[in-house]
Amino acid sequence: MQAERLTFDIKPNANPMPEADRLKAFENLGFGTLFSDHMAVIRWSADKGWHSPEVLARGPFAIDPASSVLHYAQEIFEGMKAYRRADGRAVLFRPEENARRFNESARRMAMPELPEADFLDAVEQLVRIDAKWIPQGEGSLYLRPFMFASETFLGVRPSKEYIFCVIASPVGPYFKGGAKAVKIWVSENYTRAAAGGTGAAKCGGNYAASLIAQAEASAQGCDQVVFLDAAEHRWVEELGGMNVFFVMNDGSITTPPLGGTILPGITRNSLIALAREEGLTVNEQPYSFEQWKADATSGKLVEAFACGTAAVVAGIGTVKFNGGEFKIGNGETGAATSKLREALVGIQRGVSNDRHGWVRVIDGV
Ligand code: PLP
Ligand code: COI
């Protein structure tokens, strides 16, 4: 509908967090608890299309109790990070892929697509105005673009009004244990997504449905839940918020295929490319939980890891399920996992050559 690019109205926050407070908060960064001074917002309505783009002080939305998102959960989001490189430049990693996936999620959820250039502009405007919120060193500024149905209407049909917003949160490691291998819980009762469902879309509802399984994982002393497929409860799919990879003793790597029930992770896609460039065989093929147990016991499986924007690459040391648990290798993060993690992080941090053109430098920061 929009032929022209949107131009953001920039309204700087009159009461930003004092620098001393920000730096103090930076000393102990977790995930998703601290937020920057601004947000970017664009509104959509059936009659006007995308309109009123602005960057303003981060603050609450006033929405009607009958806003359709509160009833029917028409909501999607993305997760990406801005990094401060040693050379001082602020960069994003493959943000075009987030823009593209956002629109794929929008189509699945019967929401309007936001032109990719406007998605990227919103993200970059926010990073520019909140550049001092990008932590130095190992931390990064996690960016959360999202869109929700804001029409005041209780009928069940796609909303005629939406709010798109980007917020930013300086983050440290996703897992409390830092680089330590994680322990995961296999959910054999709950599934995440069925064929024809919303598994490949990044919609809030997928996460809402996963929380009970994640709570079960926590109660079992595990860091994350891993889901099996909905039809047979047999095939490994993905974790609550990450894709999963298996490293075999012949050096080959297996990861579940994209078939509509798992999220097509940008980290997953990047690691497959990097592994293949290192000469490793990567099989995107179904892997059953039975096989997983058998391979861990026989020693055929030597490493496993989870990957995603928030978690980066995290070794999986122990797998727990109803009826037992097993270790993978010696229960620590393995060498192949560390090497792939370093290859990825090296590109993101500007330490290694960005031969794929994955890094986007943000001008004027
Ligand atoms: N799978 C799920 C369910 C996720 O929430 C995420 C995180 O975004 C991923 C996989 C990994 O995706 P990406 O690498 O694009 O962050
Ligand atoms: C991400 O890695 O960006 C995610 O969205 C995972 C989780 C924090 C929801």
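Before you click anything, one cut-off: a residue is called buried here when its relative accessible area is under 20%, exposed when that area is over 50%, and partly exposed in between. Keep in mind, too, that you are looking at a predicted model.

**Stop 1: a salt bridge with a buried end**

Select Lys11 and Glu54. Their side chains meet in a salt bridge, with N to O at 2.4 Å. These two come from distant parts of the chain, 43 residues apart: Lys11 sits in the loop between strand S1 (9-10) and helix H1 (19-26), and Glu54 belongs to strand S3 (residues 49-57). Now colour by accessibility. Glu54 has a relative accessible area of 14%, so it falls under the 20% cut-off and is buried. Lys11, with 38%, is partly exposed.

**Stop 2: the two domains**

Zoom out and colour residues 9-171 as domain 1 and residues 182-348 as domain 2. Put a marker at each C-alpha centre and you'll find the two domains 27 Å apart. Their contact draws on 20 residues from domain 1 and 20 residues from domain 2.

**Stop 3: the largest nonpolar core**

Show side chains as spheres for Phe119, Leu143, Met147 and Phe164. In the largest nonpolar core, which has 51 residues, these four touch the most other members. Which strand gives the most to this core? That's S8 (residues 161-171), with seven residues. Domain 1 and domain 2 both contribute residues, so the core lies between them.

Stay with Phe119 and bring up its surroundings. Setting aside residues up to four places away in sequence, Phe119 touches Glu78, Met80, Pro95, Asn98, Ala99, Phe102, Leu114, Pro145 and Phe164. Phe164, you'll recall, is another of the four best-connected core members.

There is also a second core, separate from this one, made of 26 residues; select Val186, Leu228, Trp292 and Ala311 to see some of its members. As background, nonpolar side chains in soluble globular proteins tend to be buried together.

**Stop 4: nonpolar side chains on the outside**

For a contrast, turn on the surface and pick Tyr72, Leu154 and Val156. Together they form a nonpolar surface patch with about 330 Å² of accessible area. To place Leu154, follow strand S7 (140-149) out into the loop that leads to S8.

**Stop 5: a buried asparagine**

Next, go to helix H5 (residues 204-219) and select Asn206. Is Asn206 buried or exposed? Its relative accessibility is 4%, so it counts as buried. What touches it, leaving aside neighbours within four places in sequence? Look for Arg192, Thr198, Gly199 and Ala201 around Asn206.

**Stop 6: around the end of H6**

The model holds 22 salt bridges in total, and two of them are worth a visit here. Start with Glu277 and Arg355, whose closest N and O atoms are 2.7 Å apart. Glu277 is in helix H6 (residues 266-277), while Arg355 is 78 residues away in the loop between helix H8 (335-348) and strand S18 (359-361). Glu277 is partly exposed at 41%, whereas Arg355 counts as exposed at 52%.

Step along to Glu278, which is in the loop between H6 and S14. Its salt-bridge partner is Lys339, with 3.7 Å between the closest N and O atoms. Lys339 is in helix H8, and 61 residues separate the pair along the chain. Beyond its sequence neighbours up to four places away, Glu278 touches Lys339, Leu340 and Ala343. Try a distance label from Glu278 to Ala343: C-alpha to C-alpha, it should read 10.0 Å, for residues 65 apart in sequence. With a relative accessible area of 33%, Glu278 is partly exposed.

One more selection for the charged side chains: Glu96, Glu124, Arg128 and Arg360. Salt bridges with shared partners join these into one network.

**Last stop: Asn28 and Val171**

Finish in the loop between H1 and strand S2 (38-45), where you'll find Asn28. At 69% relative accessibility, Asn28 counts as exposed. Now draw a line from its C-alpha to that of Val171: the two residues are 143 apart along the chain, yet these atoms are separated by 9.2 Å.

Key:
Residues are numbered from 1 along each chain as its sequence is written. Chains are lettered from A and ligands numbered from 1 in the order in which they are written. This is a predicted model: local features need pLDDT of at least 70, side-chain atom pairs count only at pLDDT 80 or more; totals for chains, interfaces and linings use all residues. Side-chain values use heavy atoms; hydrogens and water are left out. A nonpolar core is a set of buried Ala, Val, Leu, Ile, Met, Phe, Trp, Tyr and Cys residues joined through side-chain atoms within 4.5 Å. Buried means under 20% relative accessible area, exposed over 50%, partly exposed in between (1.4 Å probe, protein chains only). Helices (H or I, at least four residues) and strands (E, at least two) are DSSP runs, numbered from the N terminus. Domain bounds come from an automatic or database domain assignment. Contact means heavy atoms within 4.5 Å. Patches are made of residues with over 30% relative accessible area and no salt bridge: like charges are joined within 9 Å, nonpolar side chains (Val, Leu, Ile, Met, Phe, Trp, Tyr) within 5 Å. Accessible areas come from the Shrake-Rupley method with a 1.4 Å probe; for residues, only the protein chains shown count as cover. A salt bridge is a side-chain nitrogen of Lys or Arg within 4 Å of a carboxyl oxygen of Asp or Glu.
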